[in-house]
Every structure is written in structure tokens, then in C-alpha cells.
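Visitor: Please take me through one part of this model in detail. I would like to look at the ligand and what surrounds it.

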Amino acid sequence: MSELLALTGLTKRFGGLTAVNAVSFSLERGEVVGLLGPNGSGKTTVLNMISGFLPPTGGRIALNGEAISGLGPNRIARKGVARTFQLVRALPSLTVAENVVTALAFGRRKLWGKAAHEAAQAHLAAVGLAGRADQPAGSLTYIDQKRMELARALAAEPELLLLDEWLAGLNPTELRTGIDLILSLRERGITVLLVEHVMDAIRALCGRAIVMNAGRKIADGPTAETLRDPEVVRAYLGDGHA
Ligand SMILES: Nc1ncnc2c1ncn2[C@@H]1O[C@H](COP(=O)(O)OP(=O)(O)OP(=O)(O)O)[C@@H](O)[C@H]1O
Ligand SMILES: [Mg+2]
């Protein structure tokens, strides 16, 4: 394996609050890694900095050895980073396929017209939405909105996919489907950083887990070992999350 992403001393301050405090870790190509921690510990802020939605206050982000810190979201997307949002962001009056087509325009291959429509169909099929392409996005059920959000992210043909609580709010059956979908991404060789509170999903999907608390990284290692770490149990798992 080779290194895809490296964070070094990554820091974000909002006024007097240090939301992310000197966080360093790296991801090997093809890894699926969990990023865990209590509410407000800085996980989404880390994803926002990697994807260019927020500029870091300090530290460095490198993708394939190249510094990307401070670039805007579109530049970073073209370099192969895609994300989903904690709250689904769709264009409800457009069809499901059109939602994916708009994402393709920002992707690495910049498709449009017939080629974009065909690619959109393929991405929708990959997430189990082949039959819903011509429906308005606003009419989708919650899990299908989640699937569409994933198809939009995949449309950018990412090397690195950042998932922010993509499994949150799914019922047990849907959760199984969602986990299988993420497993299929791993089989396609996509590197995934997964922010998630659903521990069964973390155990099923992630070989490695990184844990944050109050902006700092407090653990980073094989998932089973990390979840037994006394500091992790005290800071995160002990308060009813387990
Ligand atoms: N744009 C912002 N401006 C000011 N403060 C912010 C901003 N974004 C996040 N914060 C603060 O930074 C801290 C970390 O927030 P963040 O959203 O990264 O946490 P999180 O680990 O994703 O939490 P959750 O599990 O609840 O999603 C919180 O105290 C939050 O209120
Ligand atoms: Mg968050």
C-alpha cells in the first residue's frame, strides 16, 4: 500500500475555540478508516478542511504527496476527493439522474450531455437506484436520498471518499444495505474516511479507527484494540454511545 492522504498538525480555530487541535494521521490507499469521537469533537471540521470547505488555521494536508491545504472545494474535488454531507444536500425539484449529472460536471472527467446521462445511470445502478432515475429527488425516501448523495459523490470518481454520518438514521435493514454498499466501495479500491457513531458499522467496515476528543486525536489503531482503549472508553464509549 502507499500513502494517499497525510494530515500534519492540522488545526482549526473558530475565534477562541480550537475545534481541531494539531491532528496528524495518514491514510494508505485502499484503507477504510473510521473517524470517531463525541459530539463536537471536531470530526466534521476535519472533513471540511480535507475537502476544502474550510481553510485550516494551521498544519498541512497532502494528497498523493502534494499540498492541498487552502485550495477551494472544486480544485480539491478535481484532485480526487469527494464527500457526503451530514445533512443531505440535494436539488429536490430536479430528477435523481439530473442531481447526479450536476455532480458529474464538477468531477474529474467533466462529463455532459449523453455521456453524462449514461455515467449517471451507471452510478445510480451502483447504489441501487437504477429504477428511480427519472423521479424528482424530493420524492425519495430517506435511504434513497442517502443513496443519491453517495451516487453524487461517486460521480466525481474519487480516490478518497469522506462520509459524514452517512449511515445515521437508517433502520436495521437499511443499515445492513448501507454497510454492504460501503463494502462494495472498498472492493472497488476507493479509500474511505468514515465519520460514524454506529459502532456495528465501524466494526464491520473499518480495519482501523481514529478517535478524537475535544479537537485532539486520542487514539489511532486497529479497530478492536482502539475501542478497548481505556481513554477511548472514558471519553467516548462510556457515555452511552457503546
Ligand atoms: N463554522 C463554525 N463556526 C464556529 N464554530 C464551529 C463551526 N463549525 C464547527 N464549530 C464548532 O467546532 C466544534 C467541532 O464541531 P464539529 O462539527 O467538527 O464536531 P463533530 O465531531 O462533527 O460533532 P458531531 O458528532 O455532533 O457531528 C464544535 O464545538 C462546533 O460547535
Ligand atoms: Mg459532525
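Guide: Here is the ligand site, followed by a short look at one helix pair. Keep in mind that this is a predicted model.

Start with the shell. Ligand 1 has 14 residues around it, and N39, G40, K43, T44 and T45 come nearest. By class, eight residues of the shell are polar, four are nonpolar and two are charged. Two elements, β2 (17–28) and α1 (43–50), each supply at least two residues. Helix α1 gives the most, with three residues.

Now the polar side chains. K43 places a side-chain N or O atom 2.7 Å from an oxygen atom of ligand 1. For N39, a polar side-chain atom lies 2.9 Å from an oxygen atom of the ligand. H197 also takes part: one of its polar side-chain atoms is 3.1 Å from a ligand oxygen atom. As for cover, ligand 1 taken alone exposes 640 Å², and the protein buries 63% of that.

Last, the helix pair. Helix α5 (residues 142–155) packs with helix α6 (residues 172–187) at an angle of about 10°. Their axes are 11 Å apart. Angles under 35 degrees count as roughly parallel, so α5 is roughly parallel to α6. On the α5 side, the contact is made by I143, R147, L150 and L154. On the α6 side, E174, T177, L181 and L185 make it. By class, this contact has five nonpolar, one polar and two charged residues.

Technical notes. Residues numbered from 1 in each chain as written. Chains lettered and ligands numbered in written order. Predicted model: local features only at pLDDT ≥ 70, side-chain atom pairs only at ≥ 80, totals over all residues. Heavy atoms only, no water. Axes fitted to C-alpha atoms, helices over the stretch in contact; angles between N-to-C directions. Helix = DSSP H or I, 4+ residues; strand = E, 2+ residues; numbered from the N terminus. Parallel < 35°, antiparallel > 145°, perpendicular 65-115°, else oblique. Contact = heavy atoms within 4.5 Å. Nonpolar A, V, L, I, M, F, W, Y, C, P; charged D, E, K, R; others polar. Near = heavy atom within 4 Å. Polar contact = N/O pair within 3.5 Å; in protein donor to acceptor, adjacent residues only side chain to side chain. Areas by Shrake-Rupley, 256 points an atom, 1.4 Å probe, with all protein chains shown as cover.
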